[in-house]
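Reader: I would like a close look at a single part of this protein, its nonpolar interior, set against the background of the whole chain. Please take your time over it and connect the pieces as you go.

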Amino acid sequence: MISFVKYHGLGNDFILVDNRQQLEPLITPEQAILWCDRHFGIGADGVIFALPGQADTDYTMRIFNSDGSEPEMCGNGIRCLARFITDLEGVSAKEIYRIHTLAGVIVPKLEANGQVTVDMGLPRLLAAAIPTTLAAAAQQVVNQPLEAAGKSWQVTCVSMGNPHCITFVDDVAAIPLEAIGPQFEHHPAFPQRTNTEFIEVVSRDYLKMRVWERGAGITLACGTGACAALAAGVLNGLCDRRATVELPGGCLEIEWSEVDQRLYMTGPAQQVFSGLTAL
Ligand code: ZDP
């Protein structure tokens with residue numbers, strides 16, 4: 001048997017595993033698929049492991065999507081991880097943690113009001129870094145055409161360590177996400193597949209977003225996606241550097257700092273239940 005704790009950030013839900021004893025995840029990607037199943041398992045968008053820190057960090061985070069693939073980063077997930085760690089550490093918990101991820105060092109900070117603010121690092125904008133073939137390797141992809149689902153879309157690409165393809169639309173509720181999401185995710189222009197966000201600009205400081213996640217499908221929220229969406233909005237001159245991003249599961253506050261050019265995300269993370277399950 002192995003113990004786990006279930007958390008969510010705006011309805012983007014994760015199974016957290018105390019993996020402090022070893023650097024290899026305690027379960028395999030195949031087991032993660034079973035755990036994430038909402039009918040035959042615990043049910044979640046992904047499984048997150050709190051592993052020992054490396055290279056001058058407090059912890060290492062790894063995550064398996066519900067399809068068993070491994071993303072580089074997870075914005076809602078790292079807020080959940082920050083809460084999980086403080087719950088595990090009890091009285092010796094800190095306010096700020098340095099977390100090693102496949103997207104570099106990410107730094108969550110626990111606010112007095114229970115929210116978590118995360119230094120999500122620098123957005124990567126060059127085509128080679130997304131990665132995408134929509135432009136030459138050293139060029140940005142801003143408002144470029146992409147043929148998908150029998151239509152031409154204008155897309156902007158941003159990597160937050162993981163790939164995002166952003167499209168601005170008039171009415172985000174009208175997008176048939178279930179039908180077109182997979183066609184973006186598996187589009188040949190994205191060799192590592194992609195997360196896909198549709199954004200309605202309500203005002204310069206308020207965006208409405210729906211997301212199709214790589215490896216997880218429709219989710220209620222996506223932290224890296226909200227950061228990528230704000231960066232894309234700024235690159236297209238559509239929004240300010242600080243905005244509220246409304247997702248189906250609730251709101252995130254995102255800022256692309258003029259001072260250090262890093263993205264900062266603030267939002268909730270909540271424990272839901274804990275349990276024991278067969279390995
Ligand atoms: O890049 C991917 O494969 C995503 N599915 C990873 C998860 C992203 C997440 N929703 C977020 O909040 O950033 C957890």
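Author: What follows begins with the whole protein, moves to its nonpolar cores, and ends with two individual residues for contrast.

The model is a predicted one, and its secondary structure comes to four helices and 17 strands. With a radius of gyration of 18 Å, close to the 19 Å that the globule rule gives for 279 residues, the protein is as compact as a globular protein of that length. Along the principal axes, the C-alpha atoms fill a box of roughly 50 × 40 × 35 Å. Of the 279 residues, 53% are buried, and the protein exposes about 11400 Å², of which carbon and sulfur atoms supply 52%. When contacts between residues at least 6 apart in sequence are considered, 60% of them join residues at least 24 apart.

In soluble globular proteins, nonpolar side chains tend to be buried together. Here the largest nonpolar core has 54 residues, and Leu81, Met209, Ile254 and Leu263 are those with the most contacts inside it. Helix 4, which spans residues 223-235, gives the most to this core, contributing eight residues. Leu263 deserves a closer view: leaving out residues up to four places away in sequence, Leu263 touches Val118, Asp119, Met120, Gly121, Pro123 and Met160, and also Cys227, Leu230, Ala231, Ile254, Glu255 and Trp256. Ile254, one of the residues touched by Leu263, is itself among those with the most contacts inside the core. A second, separate core has 20 residues, including Leu146, Cys165, Leu177 and Phe184.

Two polar or charged residues complete the picture. Gln144 is found in strand 8, residues 144-148, and counts as partly exposed because its relative accessibility is 28%, which lies between the 20% and 50% limits. Apart from neighbours within four places in sequence, Gln144 is in contact with Leu134, Trp153, Gln154 and Val155. Arg214, by contrast, is found in the loop between strand 12 (206-213) and strand 13 (217-219), and a relative accessible area of 7% is under the 20% limit, so Arg214 is buried. With residues up to four places away in sequence not counted, the residues that Arg214 touches include Asn65, Pro71, Glu72, Asn162, Pro163 and Glu185, together with Gln192, Arg193, Thr194 and Asn195. As for charge over the whole protein, there are 19 positive and 31 negative side chains, and the centres of the two sets lie 2 Å apart.

Definitions and conventions
Residues numbered from 1 in each chain as written. Predicted model: local features only at pLDDT ≥ 70, side-chain atom pairs only at ≥ 80, totals over all residues. Heavy atoms only, no water. Helix = DSSP H or I, 4+ residues; strand = E, 2+ residues; numbered from the N terminus. Rg over C-alpha atoms; globule rule 2.2 N^0.38 Å. Buried < 20%, exposed > 50% of the residue type's maximum accessible area, 1.4 Å probe, protein only. Contact = heavy atoms within 4.5 Å. Areas by Shrake-Rupley, 256 points an atom, 1.4 Å probe, with all protein chains shown as cover. Lys, Arg positive; Asp, Glu negative; His and termini not counted. Charge placed at Lys NZ, Arg CZ, Asp CG, Glu CD. Core = buried A, V, L, I, M, F, W, Y, C linked by side-chain atoms within 4.5 Å.
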